[in-house]
Amino acid sequence: MGETVGYRVTGDVALLTIGNPPVNALAHAVRAGLATGLERAGDDPEVRAIVICAKGRTFPAGADITEFGKPSQAPNLPTVCAMIDMCEKPVVAALHGTPRGGGVELALACHARVASAATTIGLPEVKLGLLPGAGGTQRVPRLIGAKAALDLILSGDPMTAKQALAAGLIDAVSDKEPVKDAVDLALRMADGEVPRKDLQDSPYLADPQSWLAAVAERRASLSGSPLKAPKRIVDCIEVGALMPLEAGMKFERAAFEDLVKSDQSAALRHVFFAERTAIKQPQLAGATPRTIRQIGIVGAGLMGAGITVACLDAGYNVTLVERDIDTLEAGVERIIDIYDRAVDKGRMKADARDQRIARLSGHTDPGAMADADLIVEAVVEDARTKEGVFRTLGRIAKPGAILATNTSYLDIRPLAAASGRPEDVIGLHFFSPAHVMPLLEIIPTDDSAKDVQATAFALARQLRKIGVRSGMTDGFIGNRVNSAYRQAAEFMLEDGASVVEIDTAMRDFGFPMGPFEVSDLAGLDIAWARRQRLAATRNPSARYVAIPDRLCELGRLGRKVGRGWYTYPRGARSGQVDPEVTAIIAEERVFQGIEPQKFSREDIQQQCLAAMVNEGAKLLDEGVARCPSDIDVVMIHGFAYPRWRGGPMQTADAEGLFKIKRDLERLAREEPLFWTPSPRFDELVKNGLGFASLNPK
Ligand code: 3H9
């Protein structure tokens, strides 16, 4: 037998020990090893019972995701599970770590399960656009009931060992040695002291009405969702109430095979690996992150407050500094308000809030940050103001302190120079609200020390965010791609599409809000200030849509003032079309001599996608983005690009680069400066490749 599954007989029990680091994924060698081990133990007259366990950090965290989409190699996981199920000798699983997906299904096929107290157990296949395909949808409802099974499998979120025991998913929690306890239990089963459960005898099957009612309720809640996997999960769980176990397994298997071939699952699997790729920075190998305990934050506005909350939540002490006491107090109030709301909504206990607030101190004297290990500047987006802050920080910060700017657009190099210690300076671009959004763009300059860069990635992890490296450019990765998206939307608006048509099309594409709704929420003034800043250097022959400037000039700055692209009567959350905006758009069309055209939903989606992808390709050409998957991670986590489409670069691969290149070339005939495809398209198309070929392996 291969070394991926060890075989050892101790007492009368055969121990099958899985060893496939890092997470013991159920790759072909593991499945084959388990099958061989089960046969051997079944044939061995000395063996009365079998225990399946794993070495290292966890019982298997699922099927090996890298095998999906490749030809499958026998035995598959359902076959191994069936061998366990039918084994005459009792088979017990000893769980520890983070068993997930197929690993949990392997355990469920066993005749009993013991878990160490710290184990968490989950079926996260839905997050990969899949469903549990080795019996999970059939066994789980028989063990814990359809409602609880739907909750577990549709959320994909793990439960603790204690919860799993209470639900009936496992049979015992072991405080000491799960393997030893599993061996004891297996022998008691072999002796007939503990009976095997018969899943066909499940008490939940005796009440099919409740089972089917739970199914109907969940099915109704999914009716508007574009996601395929949750609907198939509900179908499989329904079948559990209507068919014998074996027939249900066949039904489940067919659904799994369909999903594994779907674009949605390919996209979600891509994101799983893209998120892990983003945080791997081989060029920083050997650099030890600096120790961060005390964080200083300059600026207590919306961003500063959000960053403060993110840092307090992660356990840091924070010194918040503002220029005057009133602004400081308003900022501290904002922070307390965020925590109070969390407590009111039951998301946080009052003492946890108090503990966090106790780690915050507010000052108007920058000198209060003298012992900070990291200082994050979050003042207004103005180069001169920020340079002034960095001059001060260079003076007051202790040696070795990291000085970071939260600028969303500005060149960091002059700030680094102003500090007088450029090796300690780096960009940390948070997304608003900073305590909620999971993305952190990390922007080193050529001078940023390696250990400063390593600290930034370690900090992102500590803040439970995904750090993505970006090179220096106006707007970094996210705002560059996002402004290309917005620009495409504005071109179409001026050319004849309506605000509502564009927003609806992009919501249908999968964004939670359309580009104009987002602009109203964020405030039109941010992009306005940027346009003013760039006015002097703008190419005069580039197309410029003046509609948003006109809205800003009328004070239509977005939802915060009740008027932007839409009107929000008395603080309403969803906007209404405003004839004033419609009239401005019509006037601008006349002014530009534009004959309005019709845009279908598909036209709008295609042009927005083409703009994002072309900008992404340019970021690769310029070396700003390291790889296409980094761009995907930024757009998903910073701009709510639909995860199930995998990010714009993955969507482009799925649609075909040749088609996108043709769309770009057609559009470039009208507006070459914006739409001319990056040479990257030709290079990839010529070689029959997609953007995925540029991702690190
Ligand atoms: C399934 O099971 C289908 C079945 O129902 C039906 C089959 C018929 N495969 O996340 P980490 C790698 S679908 C391959 O940093 P953590 C990961 O890429 C599967 N590789 O660790 C990384 O590699 P690298 C259902 C995997 O401690 C390394 O392991 N299961 C797999 O933060 C460490 O990962 C899931 O969806 C895998 N299944 O978190 C679980 N899992 O070092 C997916 C991990 O080269 N996994 N890797 O970057 C997880 O959620 C987390 O990894 C886990 C540990 C919570 C387990």
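**Close-up views of a predicted model**

**View 1. Strand 10 and strand 11 pair in parallel.** Strand 10, made of residues 317-321, runs parallel to strand 11, and four bridges join the two. The model shown here and in the other views is predicted. Within this pair, Leu-320 stands opposite Gly-362, a residue of strand 11. In general, the strands of a sheet pair through backbone hydrogen bonds, in either a parallel or an antiparallel way.

**View 2. An open sheet of eight strands.** The strand order in this sheet is 11-10-9-12-13-14-15-16, and the pairing is mixed. Strand 11 (360-363) and strand 16 (466-469) are the edge strands, each of which pairs on one side only. From one strand to the next, the twist averages 25°.

**View 3. An open sheet of six strands.** Here the strands follow the order 1-2-3-4-5-8, again with mixed pairing. The edges are formed by strand 1 (5-10) and strand 8 (172-174), and each of these pairs on one side only. On average, neighbouring strands of this sheet are turned by 25° against each other, with direction ignored.

**View 4. Strand 1 and strand 2 pair in the antiparallel sense.** Six bridges link strand 1 to strand 2, which spans residues 13-18. Val-5 has Ile-18 of strand 2 as its bridge partner. The loop between strand 2 and helix 1 (28-43) contains Asn-24. Asn-24 is a residue other than glycine with a positive phi, near 55°.

**View 5. The surroundings of the ligand.** There are 27 residues around the ligand, and those that come nearest are Arg-57, Gly-102, Glu-105, Glu-125 and Arg-276. By class, this shell has 14 nonpolar, eight charged and five polar residues. Three helices each supply at least two residues of the shell: helix 3 (101-109), helix 10 (245-260) and helix 11 (263-278).

**View 6. Polar contacts of the ligand.** Which atoms of the ligand lie 2.7 Å from a polar side-chain atom of Arg-57 and 3.0 Å from a backbone N or O atom of Ile-65? For Arg-57, the ligand atom is an oxygen. For Ile-65, the ligand atom is a nitrogen. In the side chain of Glu-105, an N or O atom is 2.6 Å from an oxygen atom of the ligand. On its own the ligand has 1000 Å² of accessible area, and the protein covers 75% of it.

**View 7. A cis peptide bond before Pro-75.** The bond that joins Ala-74 and Pro-75 is cis, with omega at about -5°. Pro-75 belongs to the loop between strand 3 (49-54) and helix 2 (77-86).

**View 8. A cis peptide bond before Pro-433.** From Ser-432 to Pro-433 the peptide bond is cis, and omega is near -10°. Pro-433 is placed in the loop between strand 14 (425-430) and strand 15 (439-444).

**View 9. Domains of the protein.** The domain assignment gives domain 1 as 5-258, domain 2 as 292-469 and domain 3 as 478-694. How far apart are the C-alpha centres of domain 1 and domain 3? The two centres lie 45 Å apart.

Note on methods:
Residues are numbered from 1 along each chain as its sequence is written. This is a predicted model: local features need pLDDT of at least 70, side-chain atom pairs count only at pLDDT 80 or more; totals for chains, interfaces and linings use all residues. Side-chain values use heavy atoms; hydrogens and water are left out. Domain bounds come from an automatic or database domain assignment. A residue is near a molecule or strand if one of its heavy atoms lies within 4 Å of it. A polar contact is a pair of N or O atoms within 3.5 Å; within protein, one must be able to donate a hydrogen and the other to accept it, and residues adjacent in sequence count only if both atoms are side-chain atoms. Accessible areas come from the Shrake-Rupley method with a 1.4 Å probe; for residues, only the protein chains shown count as cover. Ala, Val, Leu, Ile, Met, Phe, Trp, Tyr, Cys and Pro count as nonpolar, Asp, Glu, Lys and Arg as charged, and the others, Gly among them, as polar. Two strands pair if DSSP finds at least two bridges between them. Axes are lines fitted to C-alpha atoms, for helices over the stretch in contact, and angles run from 0 to 180 degrees between N-to-C directions.
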